[in-house]
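Thanks for making time, everyone. I'd like to walk you through one chain today, so have a look at the picture before I start.

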Amino acid sequence: MPEYGQICKDYEQLKKRCDSEIARNENELTRSYVAYLDGQNEFPEPILRKRQKELQELVDKSVLFREELRAWLAQAHDSLMAPMRAKIDDAVSRVCLHNNLAYIIDLDEAGYKFINPTCGFDITNALLGTLGITPATVTEEQKSAAEQQ
């Protein structure tokens, strides 16, 4: 799919921003921890406990922040991929209806040990045509992978 490259670029930009924010957050946590270590011998007991509690809260918030950011990134990836997946699903439906197929097997999605090639046929070229992609634009590597299936 021609749009896949742009989707990957957009996702990588989001990922870089998220990674940058995670790094900034971790640097802040490290600075706080170093400041705590530097002063721990000088702090009176009540201040030491307060600083320990503050540091633990910062660690907990940092972990939660990373988890939330990674979940958001996964959701963003799914959102970026959704239009392309919908386009592919529509093309698959049209090819299957045109060929009166009851079902298809996506070899990328399932680990089938054996499929008898005499009981079915490959719809790859029909699917590419439906998507407006000429089979000549498919790379040799993609052809080889399709032939192995």
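**Walking through the helices**

Let me begin in the middle, with α2: its buried residues are Leu48, Leu55, Ser62, Leu69, Leu73, Ala76, Met81, Met84, Ala91, Val92, Val95 and Cys96. Before I go on, please keep in mind that this is a predicted model.

So what do those buried residues of α2 pack against? They pack against α1, which covers 4–39, and against α3. As for α2 itself, it has 54 residues and runs 78 Å from its first C-alpha to its last, close to the 80 Å expected at 1.5 Å a residue.

That doesn't rule out a bend, though. Look at Ala82: there is a kink of about 40 degrees there in α2, shortly before the proline Pro83.

Okay, stepping back for the overview. The chain has four helices and zero strands, so if you read along the sequence you get α-α-α-α. Of its 149 residues, 19% are buried. The accessible surface is about 11500 Å², and carbon and sulfur atoms account for 53% of that. On contacts: take the ones between residues at least 6 apart in sequence, and 70% of them join residues at least 24 apart.

Now over to α1. With 36 residues at 1.5 Å each, α1 should span 52 Å, and its end C-alpha atoms are indeed 52 Å apart. Which residues of α1 are buried? Those are Ile7, Tyr11, Leu14, Cys18, Ile22, Asn25, Leu29, Tyr36 and Gly39. As a reminder, an α-helix has 3.6 residues a turn, so residues three or four places apart point the same way. The buried residues of α1 pack against α2, so you can put these two helices together in your head.

Next, the cores. The largest nonpolar core has nine residues: Ala91, Val92, Val95, Cys96, Ile123, Leu127, Leu128, Leu131 and Ile133. Both α2 and α3 supply at least two residues each to this core, and α2 gives the most, with four. There is another core lying apart from it, with seven residues, among them Leu14, Cys18, Leu69 and Leu73. You'll recognise Leu14 and Cys18 from the buried list of α1, and Leu69 and Leu73 from that of α2.

While we're on the largest core, what does Ile133 touch? Leaving out residues up to four places away in sequence, Ile133 touches Met1, Pro2 and Leu128.

Somebody is bound to ask about cysteines. How many disulfides turn up in a search of the whole structure? Zero. Two cysteines are worth setting side by side: is each one buried or partly exposed? Cys18 counts as buried because its relative accessibility is 7%, while Cys8, at 29%, counts as partly exposed. The cut-off for buried is under 20%.

Last stop: Asn100. This residue sits in the loop between α2, at 45–98, and α3, at 124–130. Its phi is near 55 degrees, which is positive, and the residue isn't a glycine. For context, most residues other than glycine have a negative phi. Is Asn100 buried or exposed? Asn100 is exposed, with a relative accessible area of 71%.

That's my tour. Happy to scroll back to any part of it.

Note on methods
Residues are numbered from 1 along each chain as its sequence is written. This is a predicted model: local features need pLDDT of at least 70, side-chain atom pairs count only at pLDDT 80 or more; totals for chains, interfaces and linings use all residues. Side-chain values use heavy atoms; hydrogens and water are left out. Buried means under 20% relative accessible area, exposed over 50%, partly exposed in between (1.4 Å probe, protein chains only). Contact means heavy atoms within 4.5 Å. Accessible areas come from the Shrake-Rupley method with a 1.4 Å probe; for residues, only the protein chains shown count as cover. The expected span of a helix is 1.5 Å times one less than its number of residues. The bend at a residue is the angle between axes fitted to the seven residues ending there and the seven starting there. A nonpolar core is a set of buried Ala, Val, Leu, Ile, Met, Phe, Trp, Tyr and Cys residues joined through side-chain atoms within 4.5 Å. A disulfide is a pair of cysteine sulfur atoms within 2.5 Å.
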